[in-house]
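Me: I'm in my first year and still learning to read structures like this one. Could you pick one part and take me through it slowly, then show me what surrounds it?

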Amino acid sequence: MWTDFFVAVILSELEGVRKPSPAIYKRALDALGLIGSGCAFVDDHAENLPPAETLGIRTVHHTTDPVATAVILESLLLDPTLA
């Protein structure tokens, strides 16, 4: 499924875990070969953010304003401390 477009595809039904379990975020990090501080995660359900944050992933709670979400995400991606 879209393997030409993504470095990794993590499907909860295949992994046997789903958000907000920290295990699903850990599997994504492992598949990408990254640590949490090198990633950003956007979700529209606030309860999915804290488990990602426990792994050091920076999070953005998307609400109804895609422009505001993009501005926050861009600031995270441009942050030189995101490594």
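Reply: Happy to! A word on labels before we start: a helix here is a DSSP run of H or I with at least four residues, a strand is a run of E with at least two, and both are numbered from the N terminus. Please also keep in mind that this is a predicted model.

With those labels we can find our way in. Phe6 sits in the segment before H1. Together with Phe5 and Val9, Phe6 makes a nonpolar surface patch of about 330 Å². Phe6 has a relative accessible area of 47%, so it counts as partly exposed.

Now for the part I'd like you to look at closely: the loop between H1 and H2, which is where Pro20 is found. Start with the bond that leads into this residue. The peptide bond from Lys19 to Pro20 is cis, with omega near 10 degrees. That deserves a second look, because most peptide bonds are trans. Pro20 itself is partly exposed, because its relative accessibility is 37%, and the range for that label runs from 20% to 50%. If you leave out residues up to four places away in sequence, Pro20 touches Tyr25, Glu47, Asn48 and Pro51. For a sense of scale, compare Pro20 with Val7: they are 13 residues apart along the chain, and their C-alpha atoms are separated by 22 Å.

One of those partners, Asn48, is worth following. Asn48 lies in the loop between S1 and helix H3, which covers 49–53. At 6% relative accessibility, Asn48 counts as buried. Beyond its neighbours within four places in sequence, Asn48 is in contact with Lys19, Pro20, Tyr25, Phe41 and Asp43. So both residues of our cis bond appear on that list, Lys19 as well as Pro20.

Next, what does the side chain of Lys19 do? It meets the side chain of Asp43 in a salt bridge, with N and O 2.8 Å apart. This pair links distant parts of the chain: Lys19 is in the loop between H1 and H2, Asp43 is in strand S1 (residues 40–43), and 24 residues lie from one to the other. The two ends of the bridge also differ in how covered they are. Lys19 is partly exposed, at 39% relative accessibility, whereas Asp43 is buried, with a relative accessible area of 4%.

Two further salt bridges bring the structure's total to three. In one of them, the side chains of Glu15 and Arg27 meet at 3.1 Å, N to O. Here too the pair joins distant parts of the chain: Glu15 belongs to helix H1 (residues 12–15) and Arg27 to helix H2 (residues 22–32), twelve residues apart. Glu15 is partly exposed at 29% relative accessibility, and Arg27 is partly exposed at 31%. The remaining bridge is between Asp30 and Lys26, whose closest N and O atoms are 2.7 Å apart. Asp30 and Lys26 are four residues apart in helix H2, so about one helical turn separates them. Lys26 is partly exposed, with a relative accessible area of 40%.

Let's finish further along the chain. Thr59 lies in strand S2 (residues 58–61). Its side chain makes a polar contact of 2.4 Å with the side chain of Glu53. Leaving aside sequence neighbours within four places, Thr59 is in contact with Phe41, Leu49, Ala52, Glu53 and Leu76. You may remember Phe41, which is also among the contacts of Asn48.

After that comes helix H4, which spans residues 66–78 and includes Ala68. At the start of H4, a side-chain oxygen of Asp65 reaches to within 3.0 Å of the backbone nitrogen of Val67. You can check the length of this helix yourself: at 1.5 Å a residue, the 13 residues of H4 should span 18 Å, and its end C-alpha atoms are 18 Å apart, which agrees. Ala68 is partly exposed, at 32% relative accessibility. Measuring C-alpha to C-alpha, Ala68 and Val42 are 12 Å apart in space and 26 residues apart in sequence.

Note on methods: Residues numbered from 1 in each chain as written. Predicted model: local features only at pLDDT ≥ 70, side-chain atom pairs only at ≥ 80, totals over all residues. Heavy atoms only, no water. Buried < 20%, exposed > 50% of the residue type's maximum accessible area, 1.4 Å probe, protein only. Salt bridge = Lys/Arg side-chain N within 4 Å of Asp/Glu carboxyl O. Patch = residues over 30% accessible without salt bridge, like charges linked within 9 Å, V, L, I, M, F, W, Y side chains within 5 Å. Areas by Shrake-Rupley, 256 points an atom, 1.4 Å probe, with all protein chains shown as cover. Polar contact = N/O pair within 3.5 Å; in protein donor to acceptor, adjacent residues only side chain to side chain. Contact = heavy atoms within 4.5 Å. Expected span 1.5 Å × (residues − 1).
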